[in-house]
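Visitor: I should like a close look at a single part of this structure. Please take one strand and describe its surroundings in a connected account.

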Amino acid sequence: MRVVSWNVRALRDDRSRIVTVLRDLHPDVVCLQEAPRWFRSRTQLAALARNSGLLYVCGGRAASGPALLVAMRVDVEQSAELRFPQHPRLHRRWLAAAVVRMGDRRIAVASVHLGLDAPERVHHASQIRRRLDQWEPDGLVVAGDLNETSGRPAWVRLSDGLVDVAAAGGLDYATFPADRPRSRIDAIFVSPGIAAAAVDPRGAGLDRATDHLPVVVDIDVRSFVVST
């Protein structure tokens with residue numbers, strides 16, 4: 001199962017190049033951040049999914065940015081937009097989440113976009129696993145834009161009980177800004193029982209698609225080990 005996480009800046013840049021990249025990557029699940037969330041946002045996401053050979057699942061305007069797309073070969077058991085507590089004077093944050101089935105395994109996948117306020121990021125990061133564990137999946141995949149670099153508090157909080165796949169595999173390249181990447185603020189985390197490997201998507205044209213580079217992870221469902 002291939003998971004792609006990508007902040008697409010409301011599709012304000014090169015939408016056709018985003019479609020090309022998604023088609024070339026052949027993802028099973030796409031976790032978007034900063035998906036369109038204004039007028040006709042669902043229509044825009046459905047069109048992006050259709051042009052990329054994918055299906056729209058949830059999110060966008062309903063989740064204030066995060067969204068999920070899947071390939072037609074992926075079974076989606078349930079999906080939801082889950083709201084974080086709102087901090088005073090800060091933008092409302094949500095996560096877009098779904099339970100997908102690959103083989104006989106149920107995996108909860110979430111697209112998240114943490115905020116610019118450091119204490120709020122930690123607070124929200126501490127809630128993600130609790131929200132997803134309510135579905136009692138066999139494993140978790142949390143993907144998104146954390147708005148901070150590895151080693152910072154929210155990143156550490158997410159890493160407690162989950163694996164930062166890129167760091168574990170030595171492929172922790174900078175993801176922002178796309179034209180001259182300096183910071184790794186985007187990542188995919190998985191349950192320890194999930195065999196996963198990061199894939200390097202960097203290539204011609206990625207710097208013109210949007211202002212973040214995508215993160216790509218392959219999960220070997222055949223060797224999936226359920227944590228007990």
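Guide: In this predicted model, V3 has V29 of strand β2 as its bridge partner. This pair belongs to the contact between strand β1, residues 2–7, and β2, where the two strands run parallel and are joined by five bridges. Between these strands the chain passes through helix α1, residues 15–25, and the resulting β-α-β crossover is right-handed.

Strand β2 also pairs with strand β4, residues 67–71; here the strands run antiparallel, with four bridges between them. Within this pairing, L32 of β2 stands opposite A67 of β4.

The burial of β2 can be described face by face. On one side lie V29, C31 and Q33, on the other V30 and L32, and all of these are buried, so that both faces are covered. Because five of the five residues in β2, which spans residues 29–33, are buried, the strand is largely enclosed by the rest of the structure.

As for internal space, a search of the whole structure yields two cavities of 30 Å³ or more. The largest has a volume of about 50 Å³, and its lining comprises seven nonpolar, one polar and two charged residues. Strands β11 (196–199) and β12 (215–219) each contribute at least two residues to that lining. The second largest cavity holds about 30 Å³ of space; among the residues lining this second cavity are P66, W94 and H113. The lining of the second largest cavity divides into three nonpolar, three polar and two charged residues.

Key. Residues are numbered from 1 along each chain as its sequence is written. This is a predicted model: local features need pLDDT of at least 70, side-chain atom pairs count only at pLDDT 80 or more; totals for chains, interfaces and linings use all residues. Side-chain values use heavy atoms; hydrogens and water are left out. On a 1 Å grid over the protein atoms alone, a cavity is a set of points where a 1.4 Å probe fits but cannot get out, and a pocket is an open set with protein on both sides within 12 Å along at least five of seven lines; lining residues have an atom within 4 Å of a point. Grid points are joined across faces, edges and corners, and a volume is the space filled by probe spheres set on the points. Ala, Val, Leu, Ile, Met, Phe, Trp, Tyr, Cys and Pro count as nonpolar, Asp, Glu, Lys and Arg as charged, and the others, Gly among them, as polar. Buried means under 20% relative accessible area, exposed over 50%, partly exposed in between (1.4 Å probe, protein chains only). Two strands pair if DSSP finds at least two bridges between them. A crossover is right-handed if, with the strands pointing away from the viewer, the path from the first strand over the helix to the second runs clockwise.
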